[in-house]
Protein chains: 2
Amino acid sequence: MKIGELAAQAGLNASAIRYYERMGLLAAPQRSGGQRRYSSESRQRVLLIRFASEMGFTLAEIKLFLNGLRDAAPVGPRWKKLARAKIVEMQRNIARARRLEKLLHGLLHCRCRSLQECVHRLGLSQNLRRLASGDR
Amino acid sequence: MKIGELAAQAGLNASAIRYYERMGLLAAPQRSGGQRRYSSESRQRVLLIRFASEMGFTLAEIKLFLNGLRDAAPVGPRWKKLARAKIVEMQRNIARARRLEKLLHGLLHCRCRSLQECVHRLGLSQNLRRLASGDR
DNA sequence: CTAGAACTTAAAGTCAACTTTAAGTCAAAC
DNA sequence: GTTTGACTTAAAGTTGACTTTAAGTTCTAG
């Protein structure tokens, strides 16, 4: 399989695949006359990369995951640690997104006549203060 | 209030505040001898910007929101439209994050002996295929 | 009155994850 | 056998949200 076909099958641009190779997420494949030729295993790996990246993992994380999770090996402890950390991060993301959603809903459906009122009624000022005391 | 104090109170860097001004999120304040002097209303506004940005809004969005939501005006229809769109986006984010969390949980607690097995058992291949058919 | 902290500007740098460009090589169809 | 489309490389460009730098000005404490 040439790079263009692989790219099409994975829903990516060929340049992205070369980039993954450069970044060490993908092993350099065999070549025929200077051009890359991929196996279906490569396809699997590229799909996995895309999936993880869609799911919010950075390429650096994915690289770690893929190195900790060899194709035919069981899921190891290093991998599990990473996964656990990521789960926590996800949960924080979910909580944060829900807070925003609730807040927007409140703003959207309240009958306040000014921003000041909304901020007051929705307890936004507490949020603001919490933020101000630097947890960035 | 000088820019440094405002920055400290908002938990931001002074350069960020100048940046917001340049980007049109913040009106240019009065000056004393060339230096910016801020009121507590500016503080409120900066806090609101920070809050929204923490909540995942882009500065462009925040600019729109702030322009649609004048300090003493009621929440208008343009603003509501934006808010509704953002709520939908949030819900998608939440759903996506939950999917990832579930998946990671599955991978973490399964007793598969290889990645191939996990991918199969967790229905990951369906996810991969869905992804592959280009909804990027 | 002076040292030094905090301010000013415009412009350039940073990060991630790619894409685009330029200049060239290879392959598939006619 | 030539044209056209797909491939190759290294290097530079993109986006968003800032930060850093450089060179200079102003404020404040002693």
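The following conversation goes through a predicted model and the reasons behind the words used for it.

User: Before we start, what should I know about the numbering and the confidence limits?

Analyst: Residues are numbered from 1 along each chain as its sequence is written, while chains are lettered from A and ligands numbered from 1 in the order in which they are written. In this predicted model, local features need pLDDT of at least 70 and side-chain atom pairs count only at pLDDT 80 or more, but totals for chains, interfaces and linings use all residues.

User: Thanks! What is the mean pLDDT of chain A?

Analyst: The mean is 81, and 79% of the residues of chain A reach 70 or more. For reference, pLDDT is the predictor's confidence in each residue, from 0 to 100. Among the elements of chain A, helix H7 (residues 124-132) has the lowest mean, 64, and S2(A) the highest, 97.

User: How many helices and strands does chain A have, and what makes a stretch count as one?

Analyst: Chain A has seven helices and two strands. Both are DSSP runs numbered from the N terminus: helices are H or I with at least four residues, strands are E with at least two. Read from the N terminus, the order is α-α-β-β-α-α-α-α-α.

User: How do you know that the span of helix H5 of chain A agrees with what is expected?

Analyst: The expected span of a helix is 1.5 Å times one less than its number of residues. H5(A), residues 77-109, has 33 residues and should therefore span 48 Å; its end C-alpha atoms are 48 Å apart, so the two agree.

User: And what about helix H3 of chain A?

Analyst: H3(A), residues 40-54, has 15 residues and reaches 21 Å from its first C-alpha to its last, close to the 21 Å expected. After H3(A) comes A:Gly56, with a positive phi near 100 degrees.

User: Why is A:Leu12 called buried?

Analyst: A residue is buried if 20 or more other C-beta atoms lie within 10 Å of its own, exposed if 12 or fewer, and partly exposed in between, with C-beta atoms placed from the backbone. A:Leu12 has 22 C-beta neighbours inside 10 Å, so A:Leu12 counts as buried. You will find A:Leu12 in the loop between H1 and H2 of chain A.

User: What does A:Leu12 contact?

Analyst: Leaving aside neighbours within four places in sequence, A:Leu12 is in contact with A:Ala7, A:Ile17 and A:Arg50. Contact here means that the two C-beta atoms, placed from the backbone, lie within 7 Å.

User: Is B:Leu26 buried or exposed, and how do you know?

Analyst: B:Leu26 has 20 C-beta neighbours inside 10 Å, and therefore counts as buried. B:Leu26 sits in the loop between H2 and strand S1 (30-32) of chain B. Not counting residues up to four places away in sequence, B:Leu26 touches B:Ile17, B:Tyr20, B:Glu21, B:Arg45 and B:Val46.

User: Why does B:Leu48 get the label buried?

Analyst: B:Leu48 has 22 other C-beta atoms within 10 Å, so the label buried applies. B:Leu48 belongs to helix H3 (residues 40-54) of chain B.

User: Which residues of H3(A) and H5(A) are buried?

Analyst: In H3(A), they include A:Ser42, A:Arg45, A:Val46 and A:Leu47. In H5(A), A:Trp79, A:Ala83, A:Lys86 and A:Met90 are among them. Across chain A, buried residues make up 26% of the 136 residues.

User: Now the DNA: which residues are closest to strand C, and what makes a residue near?

Analyst: A residue is near a strand if its C-beta atom, placed from the backbone, lies within 6 Å of it. For DNA strand C, 21 residues surround the strand, the closest being A:Asn13, A:Gly33, A:Thr58, B:Gly4 and B:Arg36. For DNA strand D there are 21 residues, and the closest are A:Gly4, A:Arg36, B:Asn13, B:Gly33 and B:Thr58.
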